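Welcome! Here are some short exercises to work through with the structure in view. Try each task before reading its solution.

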Amino acid sequence: MLYFSELYKEKVFTQDKQYVGKVDDLLFLANETPLITKFVVKTSSGRLLYVPRQFVKKNGIGFILRSDYEEKEKKEAEYSVLYQLQDQQIVDIDGAKVIRVNDVVIHDAPDFAISGIDIGFLGIFRWIGLAKPFSWLAHTLKIHTTSDFIPWSEIDPQEVAKNRIVLKSEQEKLKKLHPEDLAEHLEHANIQNVLRSLKVMDEEMSARVIADLNVDYQREIFRRFSPQHAGEILSLIEADEAVDVLLSLENERREEIVKFIEKDKKKAILHLLHLAKTPIGHLMSTEYVTVSSNMTVKEVLERIKKESADFSELEYVYAINKDEQIVGVETLHELLLQKPDTPFYRIMNQNLILGRLTTPKEIALRRMIKYSIYCLPIVDENRKLLGVVSLQNVAEDLVGE
Amino acid sequence: MNKKSFFTKLFIFLGVLGPSVITTMAGNDGAGVITYSFAGAQLGYAVLFTLPILTILYGVTQEMGSRIAIVTGKGLGDVIRERYGVRIAIFVFAIIIIANFGTLITDVAALKTGAQMLHLAPVPFIIITIVFCFWIVTFTKYEKSQKVFLTGMIFYLAYVFSAIKGSPHWGQALTSLVVPAKEMFSKNYLITSIAVLGTTITPWGQFFVQSYMKDKNVSVTRLGYAKLEAYLGAFLSNFFTFFIIVATAATLFVHHIPMVSGETAALAIEPFAGNFASLLFSLGLINAAIIGIIIVSLTSAYAFSEFFGFTGSLDEPYKKGKPFYINFLSNIIIAALLVITPWFPLFTVVIYTQALNGILLPIFFYFILKIINNKEIMGKYVNGRLYNIFSVVSTVAITVAALAAIAVSLIQR
């Protein structure tokens, strides 16, 4: 996740390292899924460049524009983070002033989108580059700093389009989250957002989106779809993906859906389902390290040293929440590159690739190869982390057969 | 028919009345009264010539502030934060808080002087006054606090009586308003009239009128009345300034009594205007100081909540606006403690406060003119061409005067 204050005035380069300008603003869609659609880059000559998001990539020094990037016009339905969110007042239903937007929280995976607004005091300090000294001071004095966060789902997007920030529910007033709960929220918000955006897409498009989602989302989605609709969608995605989704569902539901799958696809799927009698439970290992998402990089590294001394290998660190559900992952390499006082939730990848006890080992292997990961976390029905399966173990097992 | 509509209009006008009049009258705060007394004693009736010009400048600046508030429904702090971002907001906020704090100290000092003139023990008197001020803004609703402020203004009548008691030369006083005096170009005259301008048109006054007007929720359809109110407020404020100046001009100036500082005016006029006039003059000063204390602290509190977005409005119940009141109270208490402290360099602080206010004023006018000419914010209520030229000229004049005042006071040290 990112804060707008950190993105603002970040340098933008082309792929061959030519300086283009600085990030001046972001444009977004004021709806239930507030995707960032364009980056506004201010060139050194003061010209504003509107670049569609898909041409922009973040890296260590700032942002990189793809060499084939195009400039587009700002559309009517696009709204400005700088002028329509940042620094604006949040009003409740009576229109009385409540509080101000101090920063905008943006998540960058799987896609750039706004996840909510920060109304805490830390947001102000972030703008003047004093967030770190301030948190350090507060930490030393044992004062709990408030980085209070209002998720986008609490905000009425129609009002944003009218230049007002209004909270949806009057009863709940400000339902603020603390940073330690933020990561969990992001995960949750994504499911909601995905479901909402699926409604407006055509079948082919939604099948593509669903195929890219992790198992957990897929299961949620197929539980909500009618069997017929579910069958149609599954006919459009790859067989192994479809099988994994089906295996995550209850037997009855699975059989209902299979009826509606297109003939050719059905054959392949039934074959794979047959293979799935060999689940991966016995390949699972407990050589993994879990942390809480609000731990700092330094604390995470210390825990790794303490806990993994007798492990044969370790590639990833997983973040879990209070209920032991997995909420994020990061590689050791990435951890080593980060500053020690960065909280883990700021850097972790929330777009998780997961397997479950019912996942056939062939599918687990395919998935690890597809996403180039060395280790697949295995979760239960409630997304609780049970163990990990390493690429090494699965490959050995399959070759051995 | 015609008559009825006149009364309807008058009724609406009285409903809108409040923010501008209260703000402009608060311009005659403790610091203001001291400066005006001093000006009258030094220059006599001649200084009155500056008043009509001052009235117009005051009216123009107040009108722009209240127009922005009515059209946008926002205070100056709100608009600056929303248009210019966190960094600029913090910068402007820091200056206004420091400058206001200085002004607050001046007003508490005036309170102390007033108490001494009435032979009251200053410390208990200051404590009681602070409690009174806090009670007014905390536990009374907007409508009520407005009534208290408006009632407080009646005490300015004390200066009218004080002036009458001094049996001034009314004819000369009135002609001085329009006929320039020959000493106008003397250094002393220039410095003093700049000081008069500097204590009347202030950054906090500019800020306060907008916040207070915003709290009142005046509809755009009533904009015309609000404009009228701004000019009426400027007129009323300078109407009383006229009498303060006349009161000291008729006594101290005429009898060539040198005055070291404005605070002693009440004592100095006693031999010429009598016991009663002196008493009224002291009461007037105390009242002016109280109004100044309340309004300046409120401005700081408004600034905090507008810039940083914490609930802040006189309309909110006590619990809801806690930061607002804590801020308000802590400011007054610290100022009072400093004034009571014997070794506190009061005079130096007053000079530097004036300098800060002088720096802040052009900054404020820059934002006000930018905002009021922005079609995106003001819609069709932007300044007209002529009015804009006029307001730009006025604000430049005020700015030059304010900066000149800083230069002079710093050189004189």
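**Exercise 1.** Through how many residues does a hairpin join strand 6 of chain A to strand 7 of chain A?

*Solution.* Bear in mind from the start that this is a predicted model.
- Step 1: Find strand 6 at residues 56-59 of chain A and strand 7 at residues 62-65 of chain A.
- Step 2: Look at the link; the hairpin connects strand 6 of chain A to strand 7 of chain A through two residues.
- Step 3: Check the direction: these strands run antiparallel and are joined by four bridges. Within this pairing, Lys58(A) has Phe63(A) as its bridge partner.

**Exercise 2.** In which sense do strand 2 of chain A and strand 7 of chain A pair?

*Solution.*
- Step 1: Locate strand 2 at residues 11-14 of chain A.
- Step 2: Follow its pairing with strand 7 of chain A, which is parallel and spans three bridges.
- Step 3: Pick out one bridge, where Phe13(A) is partnered by Ile64(A) of strand 7 of chain A.

**Exercise 3.** In the sheet of chain A with the order 18-19-20, which strands stand at the edges?

*Solution.*
- Step 1: Note that three strands make up this open sheet, with mixed pairing.
- Step 2: Strand 18 (355-356) and strand 20 (385-390) of chain A each have a single partner strand, so they stand at the edges, with one side of each left without a neighbour in the sheet.
- Step 3: Turn to strand 19 (residues 375-379) of chain A, which pairs with strand 20 of chain A in the antiparallel sense over five bridges. In that pairing, Leu376(A) is matched with Val389(A).
- Step 4: Add the helices. Helix 16 (residues 361-370) of chain A lies across strand 18, strand 19 and strand 20 of chain A, at about 130° to strand 19 of chain A. Helix 17 (residues 391-400) of chain A also packs on the sheet, touching strand 19 and strand 20 of chain A, and makes about 60° with strand 20 of chain A.

**Exercise 4.** Which residues touch the most other members of the largest nonpolar core?

*Solution.*
- Step 1: Among the 118 residues of this core, Val108(B) and Ile245(B) touch the most other members.
- Step 2: Ask where the core's residues come from: helix 14 (residues 275-308) of chain B gives the largest share, 20 residues.
- Step 3: Look around Ile245(B): beyond its neighbours within four places in sequence, its contacts are Tyr36(B), Ala39(B), Gly40(B), Val47(B) and Leu48(B).

Methods: Residues are numbered from 1 along each chain as its sequence is written. Chains are lettered from A and ligands numbered from 1 in the order in which they are written. This is a predicted model: local features need pLDDT of at least 70, side-chain atom pairs count only at pLDDT 80 or more; totals for chains, interfaces and linings use all residues. Two strands pair if DSSP finds at least two bridges between them. Two residues are in contact if their C-beta atoms, placed from the backbone, lie within 7 Å. Axes are lines fitted to C-alpha atoms, for helices over the stretch in contact, and angles run from 0 to 180 degrees between N-to-C directions. A nonpolar core is a set of buried Ala, Val, Leu, Ile, Met, Phe, Trp, Tyr and Cys residues joined through C-beta atoms within 7 Å. A residue is buried if 20 or more other C-beta atoms lie within 10 Å of its own, exposed if 12 or fewer, and partly exposed in between; C-beta atoms are placed from the backbone.
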